[in-house]
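Visitor: I should like to learn how to read aromatic pairs and packed helices. Might we proceed feature by feature?

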Amino acid sequence: LEAALVAIARGQPAVARPLLERELDARGAPTDRLDVLETVQALLATGLIERAEKLFIARFGPDAARTHPADADVIRLASRLALEKGDLRTGRAYARRLLRLQPNSIPAMHNLALFALKRRRVDSARAWIARGRAIDPSDLGLRKLRTLCAFSRIASKFI
């Protein structure tokens with residue numbers, strides 16, 4: 001698991017993927033809350049979305065808003081998992097819940113901007129990006145989203 005996490009940190013998800021699969025096949029799913037959160041994030045980073053979802057649901061239940069309503073880490077990860085699965089409605093609801101728990105949550109703003117872009121609501125995405133940049137102007141994710149937002153606006157003129 002540690003080797004997989006190092007590979008992910010180095011930007012090598014293809015190296016991390018088989019390491020994660022072997023670890024989980026050999027040892028089974030972790031039970032500790034933090035280990036589960038870390039493993040689910042690693043699975044998502046390597047594209048193993050179905051496996052991440054199964055592990056998440058096994059530990060936190062199918063409705064994290066009901067089972068862990070005040071756990072910002074679980075809600076953040078539920079939002080990301082929903083985004084990865086393409087469930088925009090659920091992911092957006094989780095991101096908004098996360099914002100209520102942590103009003104300055106940059107990951108929630110990332111997700112809300114992505115949800116807006118996927119629905120072609122560029123102005124809404126720009127507003128989330130601006131709100132996030134007011135909190136952390138150097139956040140790389142927000143800078144990438146701003147570029148994606150600009151590209152979306154330009155591309156919409158030609159489509």
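**Reading the model**

Guide: Let us begin with two residues of one helix in this predicted model. Phe 56 and Phe 60 both belong to helix α4 (residues 49-60), where 4 residues, about one turn of the helix, separate them.

Visitor: How many aromatic pairs does the structure hold, and how is such a pair described?

Guide: In general, one gives the distance of the ring centres and the angle of the planes. Here the structure holds 1 aromatic pair. Phe 56 and Phe 60 form this pair, with 5.1 Å centre to centre and 50° between the planes, and the arrangement is tilted.

Visitor: Is Phe 56 buried or exposed?

Guide: Phe 56 is buried, and Phe 60 is buried as well. By contrast, Arg 22, in helix α2 (residues 13-27), is exposed, because its relative accessible area of 53% exceeds the cut-off of 50%.

Visitor: How are two packed helices described?

Guide: One states the angle between their axes and the distance between the axes. For helix α8 (residues 106-118) and helix α9 (residues 122-135), the axes come within 7 Å and cross at roughly 165°. An angle over 145 degrees counts as roughly antiparallel, and α8 and α9 are therefore roughly antiparallel to each other. Their crossing is left-handed.

Visitor: Which residues make the contact?

Guide: On α8 they include Ile 106, Met 109 and Leu 112, and on α9 they include Trp 128, Ile 129 and Arg 131. Sorted by class, the contact of α8 with α9 comprises 11 nonpolar, 2 polar and 1 charged residues.

Technical notes
Residues numbered from 1 in each chain as written. Predicted model: local features only at pLDDT ≥ 70, side-chain atom pairs only at ≥ 80, totals over all residues. Heavy atoms only, no water. Phe/Tyr/Trp six-rings, centres within 6.5 Å; stacked < 30°, edge-to-face > 60°. Helix = DSSP H or I, 4+ residues; strand = E, 2+ residues; numbered from the N terminus. Buried < 20%, exposed > 50% of the residue type's maximum accessible area, 1.4 Å probe, protein only. Axes fitted to C-alpha atoms, helices over the stretch in contact; angles between N-to-C directions. Parallel < 35°, antiparallel > 145°, perpendicular 65-115°, else oblique. Left-handed = near helix turned anticlockwise from the far one by under 90°. Contact = heavy atoms within 4.5 Å. Nonpolar A, V, L, I, M, F, W, Y, C, P; charged D, E, K, R; others polar.
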